[in-house]
Amino acid sequence: MKPSAPKMHREHPLSKCFRILQSLGPQGEAVWTVGKTIDDKAERLAYLVRSIAFIREKAMKPDTWRSIPVDFQTFVEAPTYLNKKGALWPAVMQQGLEMNSGRYMETVLTGAIGVAKTTLALYTQAYQVYLLSCLADPHKLFDLDSSSEILIVFQSINKHLAHDVDYRRFRDMIENGPYFRKNYLFDTGLESQLVFPRNVIVKPVAGHDTAAIGQNVIGGIIDEVNFMAVVENSKQKRDGGTYDQAVQNYNSIARRRESRFMQMGVLPGMLCLVSSRNYPGQFTDKKEEEARRQIAAQGFTTIFVYDKRLWELRPERFCGDRFRVFIGDETRKPRILEPDEAFDPEDAHLIDHIPVEYRSSFENDILASLRDIAGKATLALHPFILNTEAVDDCFGTTLPILSREDCDFKSTKIQVYPKRIVNPFEPRFAHIDLAVSKDSAGVTVGHVPGFVDMNRGEHVEALPLIQYDFILEVRPPRGGEIEFENIRKLLYTLRDKIKLPIKWVTFDQYQSRDSMQVLHNNGFIVGYQSMDTDTYAYDLLKQAFYDKRVRAPEHPKAQKEVITLEIDKEKNKIDHPPNGSKDVSDSMAGVAIGLTNRREIWVKHKVPLHKRPQFQRPEKAGKNSIDRKEQRDEYYNRADQFGREVNDVRQAV
């Protein structure tokens with residue numbers, strides 16, 4: 001028999017990695033140094049293979065680099081670079097590796113608080129500075145004048161926050177990094193910014209869109225984007241529309257990046273958009289949706305999304321037991337589910353499983369806990385209406401007399417359904433919340449079909465049913481403004497042709513004087529009623545919802561506006577969340593307060609005096625307060641007498 005051939009000696013993968021790294025100079029030595037600190041052999045091998053592949057890929061373009069760069073993990077942990085072993089949790093490091101892989105141009109960092117969003121963004125910007133330092137000639141590569149700056153900016157709600165929260169931490173990181181003390185020094189004499197060789201600059205900027213005007217911004221951090229200002233009728237907008245600070249700041253920086261650095265559809269650097277969750281539809285939500293659209297359209301995205309909760313990053317901190325929370329929706333409020341409580345399978349996406357360590361926090365303040373701990377956006381941070389189920393029960397209880405929920409009187413028009421009019425002899429009250437070019441106007445008409453007794457413990461109150469004939473959102477036509485005469489024409493048509501007895505019309509303050517005068521001349525009783533001076537009107541509307549005294553047609557936007565209302569206790573006013581609205585709900589509240597306070601209606605329905613609550617606002621202190629009260633009482637007495645006389649005449653007829 002022939003002797004068998006000797007078995008070939010197979011080189012161990014770790015030995016092979018060591019041999020390769022020996023040929024890669026200082027970069028290879030840094031990788032091996034980090035690899036030796038990884039105890040798990042499989043993880044160590046995976047790290048070495050990945051880091052070698054990264055260096056080899058960069059080395060394929062030797063003319064691009066002055067020094068071949070290392071990967072993100074090596075940069076953070078190696079003693080010759082940042083020397084921050086353990087600064088990023090393992091799960092966060094994996095996310096950092098992916099977002100700095102070169103496949104992304106922007107990163108959205110959101111979710112719960114305490115999940116290293118800002119920390120990861122800062123380490124990412126340090127890595128981007130390092131990559132710039134490795135380039136042979138960044139100005140030539142990006143077709144810039146050699147004397148121009150390449151800028152990385154830190155921006156927040158204002159410059160103070162950008163400097164103290166982000167820039168200060170970043171500067172300390174750079175000052176303590178061995179690489180930036182030996183290989184890529186910055187001017188230590190400047191405190192307001194970091195100036196590196198070849199005009200690479202890192203600095204905090206103000207919180208407005210012109211803060212970096214005319215500068216070559218390659219990347220940076222925009223922090224707290226979900227908490228930036230949203231101002232209606234802003235002077236910062238030429239058309240007097242809504243100023244969205246986050247959108248304006250992002251667009252300003254994004255345009256500068258694209259105009260200066262875009263090459264073949266690829267942007268160098270990284271723009272980090274950082275913020276914990278706040279409201280649905282917030283800025284980070286829009287960017288996440290953009291990432292999903294990119295994936296659906298082209299199979300990949302240039303927007304990396306980091307959306308985490310603490311137990312996903314540090315599971316070893318938790319015992320593993322969970323309790324279930326129903327996070328709520330537009331018609332149902334959030335609540336903790338009982339251990340054996342069943343739920344509709346269609347609501348499975350609304351059920352979250354929370355570590356038991358957080359149960360007391362959820363029991364004390366479920367809305368804040370959903371937002372801060374579970375990383376879920378809530379409809380309102382300080383909700384005015386907590387019982388959203390009561391609101392849902394009232395919508396859809398009657399049919400609208402109009403064919404649409406919204407229109408612009410140009411491309412979309414409405415029809416009236418006279419057969420849907422009920423209680424045709426009851427006087428109608430209308431409230432109109434006017435708007436300008438970009439906001440919608442709210443137009444609502446309602447009446448009182450009757451009164452109901454409400455038991456308040458020791459007292460019984462007679463209160464009106466509030467039935468809305470229609471709720472209408474009037475949108476501005478494309479490229480134009482709302483023409484208020486179209487709203488007046490609608491009222492004329494309803495009163496004169498359809499015979500809907502609209503008697504009273506009130507307006508908010510904005511641009512209402514002209515319409516009030518015109519309608520007054522055409523036989524309407526007009527007045528001014530603001531929803532923004534105090535909470536009075538909305539208090540009446542909320543109580544009516546809770547009492548189930550509201551009959552309203554289906555109107556999704558109005559319903560959403562009502563349940564997302566927020567109360568500002570310091571200013572004693574009701575407001576909407578940023579990027580939200582309350583134009584239509586304002587018109588509903590205007591009708592509610594108008595119908596409730598018309599004494600003629602109380603007299604018409606023969607409500608006894610002892611059952612009439614005192615709804616009127618208390619008089620402001622002043623020398624004429626008593627006179628005004630006496631005049632008002634006299635007016636109400638005359639109105640009561642007039643109402644009785646009208647009823648007597650009708651009964652006689």
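In this predicted model, the axes of helix α2 (residues 25–35) and helix α3 (residues 41–59) come within 10 Å and cross at roughly 165°. Because angles over 145 degrees count as roughly antiparallel, α2 and α3 are described as roughly antiparallel to each other. The crossing of the two helices is right-handed. On the α2 side, the contact is formed by Gln-27, Ala-30, Val-31, Trp-32, Val-34 and Gly-35, while α3 contributes Arg-44, Tyr-47, Leu-48, Ser-51 and Ile-55. Classified by residue type, this contact of α2 with α3 comprises 7 nonpolar, 3 polar and 1 charged residues.

A second element of the architecture is a β-sheet. The sheet is open and consists of 7 strands, arranged in the order β3-β4-β2-β5-β8-β1-β9 with mixed pairing. Strands β3 (194–196) and β9 (303–308) occupy the edges and have a single partner strand each, so one side of each remains without a neighbour in the sheet. From one strand to the next, the twist averages 10°.

Within this sheet, strand β1 (residues 106–111) pairs with strand β8 (residues 271–274) in the parallel sense, over 4 bridges. Glu-106 is placed opposite Leu-271 of β8. Helix α10 (residues 245–261) packs on the sheet, where the helix touches β1, β2 (150–155), β5 (217–223) and β8. The direction of α10 makes about 160° with that of β5.

Methods:
Residues numbered from 1 in each chain as written. Predicted model: local features only at pLDDT ≥ 70, side-chain atom pairs only at ≥ 80, totals over all residues. Heavy atoms only, no water. Axes fitted to C-alpha atoms, helices over the stretch in contact; angles between N-to-C directions. Parallel < 35°, antiparallel > 145°, perpendicular 65-115°, else oblique. Left-handed = near helix turned anticlockwise from the far one by under 90°. Contact = heavy atoms within 4.5 Å. Nonpolar A, V, L, I, M, F, W, Y, C, P; charged D, E, K, R; others polar. Pairing = 2+ DSSP bridges.
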